[in-house]
Amino acid sequence: MNKIAHLRVYSIKKGMETDWIKLFNKKLVPEMKKAGIVVETAWMDKENSKFIWIRSYGSTEKDIEEKEKLFYGSKWWKENVNYVRGHLGENREITVIYST
């Protein structure tokens, strides 16, 4: 079965890279897992303050819709969205990708 995923590239505010990685691994990954979103890999381009990662959802566009609705509708996200986004710079790229 093929997977559908997002390749995401976020700019991280200068000086917040270490805090972002800690927040991502300790809080965001477990919360996404609860919604059925799997973090496949994550990388930090320290020179350019870019965080590159892939999260997968299942096999259909509907899986993305349903699992994102669960995550972004969660109590945790609603209580922490401003804190999380406070680490991010202005650039955010999201590309839908499919396994082959």
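Is Y10 buried or exposed? In this predicted model, Y10 is buried, its relative accessible area being 6%. The points below start from that residue and its aromatic partner, then turn to the helices and to individual positions.

1. **The Y10–W53 pair.** Y10 pairs with W53 in an edge-to-face arrangement, with 5.7 Å from centre to centre and 80° between the planes. The angle qualifies as edge-to-face because planes over 60 degrees apart are classed that way. Y10 belongs to strand β1 (residues 4–12) and W53 to strand β3 (residues 50–58), so the pair ties together parts of the chain that are 43 residues apart in sequence. W53 is likewise counted as buried, at 2% relative accessibility.

2. **Other aromatic contacts.** The pair just described should be read against the search of the whole structure, which finds 11 aromatic pairs. Ring pairs join Y10, W20, F24, F51 and W53 into a cluster. A further pair is formed by F71 and W77, whose ring centres are 5.2 Å apart; their planes stand at 45°, so this pair is tilted. Both F71 and W77 are buried.

3. **Packing of α1 and α3.** How do these two helices run relative to one another? The axes of helix α1 (residues 17–34) and helix α3 (residues 75–85) come within 13 Å and cross at roughly 165°. This makes α1 roughly antiparallel to α3, since the term applies to angles over 145 degrees. The crossing of α1 past α3 is left-handed.

4. **Residues at the helix contact.** On the α1 side, the contact involves W20, L23, K27, L28 and E31; on the α3 side, W76, W77, Y83 and V84. Sorted by class, the contact of α1 with α3 comprises seven nonpolar and two charged residues, with no polar ones. Two of the participants also appear in point 2: W20 is a member of the aromatic cluster, and W77 is the ring partner of F71.

5. **E17 in α1.** E17, a residue of helix α1, counts as buried at 16% relative accessibility; the cut-off for that class is under 20%. Setting aside neighbours within four places in sequence, E17 is in contact with I12, M44 and S49. The C-alpha atoms of E17 and N80 are separated by 18 Å, the two residues being 63 residues apart along the chain.

6. **S49, a contact of E17.** S49 lies in the loop between β2 (38–45) and β3. Its phi is near 50°, a positive value in a residue other than glycine, and a reviewer may wish to inspect the backbone at this position. S49 counts as buried, with 3% relative accessibility.

7. **K46, in the loop between β2 and β3.** Which accessibility class does K46 fall into? K46 is found in the loop between β2 and β3, and at 66% relative accessibility K46 counts as exposed. This loop therefore holds both an exposed residue, K46, and a buried one, S49. K46 and E61 are 15 residues apart in sequence, yet their C-alpha atoms are 32 Å apart in space.

8. **D19 in α1.** D19 is also found in helix α1. At 42% relative accessibility, D19 counts as partly exposed, whereas E17 counts as buried. The C-alpha atoms of D19 and H6 are separated by 23 Å, with the two positions 13 residues apart in terms of chain separation.

9. **I37, between α1 and β2.** I37 sits in the loop between α1 and β2 and is buried, with a relative accessible area of 1%. Beyond neighbours within four places in sequence, I37 is in contact with M32, R55, S56, Y57, K67, E68 and F71. Of these, F71 is the buried residue whose ring pairs with that of W77. I37 and I64, 27 residues apart in sequence, have their C-alpha atoms 8.4 Å apart.

Note on methods:
Residues numbered from 1 in each chain as written. Predicted model: local features only at pLDDT ≥ 70, side-chain atom pairs only at ≥ 80, totals over all residues. Heavy atoms only, no water. Phe/Tyr/Trp six-rings, centres within 6.5 Å; stacked < 30°, edge-to-face > 60°. Helix = DSSP H or I, 4+ residues; strand = E, 2+ residues; numbered from the N terminus. Buried < 20%, exposed > 50% of the residue type's maximum accessible area, 1.4 Å probe, protein only. Axes fitted to C-alpha atoms, helices over the stretch in contact; angles between N-to-C directions. Parallel < 35°, antiparallel > 145°, perpendicular 65-115°, else oblique. Left-handed = near helix turned anticlockwise from the far one by under 90°. Contact = heavy atoms within 4.5 Å. Nonpolar A, V, L, I, M, F, W, Y, C, P; charged D, E, K, R; others polar.
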